[in-house]
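User: Hey, got a minute to walk me through this model? I'd like to start with one residue and work outward.

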Amino acid sequence: NDKSFLVYGTTREKRSYETNNVDYHFITEEEFKNIPKEDLIESREYNLLENKTVHYFTKIDYFNESSNIICTASPYQFESYKRWIYNFNKNNDLLNYNLNMIRIDVDLKNRLMRAINRSSGSDDMIYEACRRTINEKREFDDASNRIPELKASISDRMKNVFLVDNNLIAPSYTR
């Protein structure tokens, strides 16, 4: 397991090509409910088809397992990580994390088409790709109002933010 990549936790079912503790830390819904709140940096809940709910989350232990962390994070996760690091440093616990963001601007049509092309093509998977794309758009639009680093007008002036346009090839990290 490459300790440079942050591995998130989830309560969703493992897909056939995924490996536990490499792609995600897969746990049951019951195990998730038993995680003490103070052990979580962030968690998100998603409603899938047939009223099924899954959780994705980051435990403090997951950060401690990693070094030089590279991760794909939503704006909500970025805010949570920033707040968590700030709270430690405010209390003089001094976490040595240098949080950087690469913001990739991708229009809605391209995001949706990429998600559909990655899916298996079943109606459920296409529905899921649409649901995720719409939720992500809402989250990114909302977050742009709260997180200064996400505003294109100032992103290029901030040292810890790298703006990558939709038409450029973004750096990709693979495990």
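User: Which strand does Thr10 lie in?
Analyst: Thr10 is part of strand β1. Keep in mind that this is a predicted model.

User: Is Thr10 buried or exposed?
Analyst: Thr10 is buried, with a relative accessibility of 0%. The cut-off for buried is under 20%, so Thr10 meets it.

User: What is Thr10 in contact with, leaving aside its neighbours within four places in sequence?
Analyst: Thr10 contacts Tyr24, His25, Phe26 and Ile27, and also His55, Tyr56 and Phe57.

User: And what lies 3.1 Å from a polar atom of its side chain?
Analyst: That's the backbone nitrogen of Arg12.

User: Which residue is the bridge partner of Thr10 in β2?
Analyst: Phe26 is the partner there. Strands β1 (residues 9-10) and β2 are joined by two bridges and run parallel.

User: OK, zooming out. What's the strand order in that sheet?
Analyst: The order is β2-β1-β4-β3, in an open sheet of four strands with mixed pairing. The edge strands are β2 (25-26) and β3, each of which pairs on one side only.

User: How do β3 and β4 run, parallel or antiparallel?
Analyst: Antiparallel, with seven bridges between β3 (residues 40-47) and β4 (residues 53-59). As an example of who faces whom, Ser43 sits opposite Phe57 in β4.

User: What holds paired strands together in general?
Analyst: Backbone hydrogen bonds do that, whether the strands are parallel or antiparallel.

User: How many residues are between the strands in the β3 and β4 hairpin?
Analyst: Five, and one residue in that hairpin, Glu50, has a positive phi near 55°.

User: Where is Leu49, then?
Analyst: Leu49 is in the loop between β3 and β4. Its relative accessible area is 29%, so Leu49 is classed as partly exposed.

User: Which residues does Leu49 touch, not counting those up to four places away in sequence?
Analyst: Asp124 and Tyr127. Leu49 and Tyr127 are 78 residues apart along the chain, yet their C-alpha atoms are separated by 8.4 Å.

User: Switching to aromatics. How many aromatic pairs are there?
Analyst: Five, counting rings whose centres lie within 6.5 Å. One of them is Tyr46 with Tyr56, an edge-to-face pair at 5.8 Å centre to centre with 75° between the planes.

User: Why does that pair tie together parts that are 10 residues apart in sequence?
Analyst: Because Tyr46 belongs to strand β3 and Tyr56 to strand β4.

User: Is Tyr56 buried or exposed?
Analyst: Buried, at 12% relative accessibility.

User: Which residues form the aromatic cluster with Tyr46 and Tyr56?
Analyst: Tyr24 and Phe26 join them in one cluster. You've met some of these already: Tyr24, Phe26 and Tyr56 are among the contacts of Thr10.

User: Last bit, the whole protein. How many helices and strands?
Analyst: Six helices and six strands. From the N terminus, the elements go β-β-α-β-β-α-α-β-α-α-α-β.

User: How much of the protein is buried?
Analyst: Buried residues are 32% of the 175 residues. The accessible surface of the protein is about 11,700 Å², and 49% of that belongs to carbon and sulfur atoms.

User: And what share of the contacts with a separation of 6 or more is between residues 24 or more positions apart?
Analyst: That share is 53%.

Methods
Residues are numbered from 1 along each chain as its sequence is written. This is a predicted model: local features need pLDDT of at least 70, side-chain atom pairs count only at pLDDT 80 or more; totals for chains, interfaces and linings use all residues. Side-chain values use heavy atoms; hydrogens and water are left out. Buried means under 20% relative accessible area, exposed over 50%, partly exposed in between (1.4 Å probe, protein chains only). Contact means heavy atoms within 4.5 Å. Accessible areas come from the Shrake-Rupley method with a 1.4 Å probe; for residues, only the protein chains shown count as cover. Two strands pair if DSSP finds at least two bridges between them. Rings of Phe, Tyr and Trp (its six-membered ring) pair if their centres lie within 6.5 Å; planes under 30 degrees apart count as stacked, over 60 as edge-to-face and the rest as tilted. A polar contact is a pair of N or O atoms within 3.5 Å; within protein, one must be able to donate a hydrogen and the other to accept it, and residues adjacent in sequence count only if both atoms are side-chain atoms.
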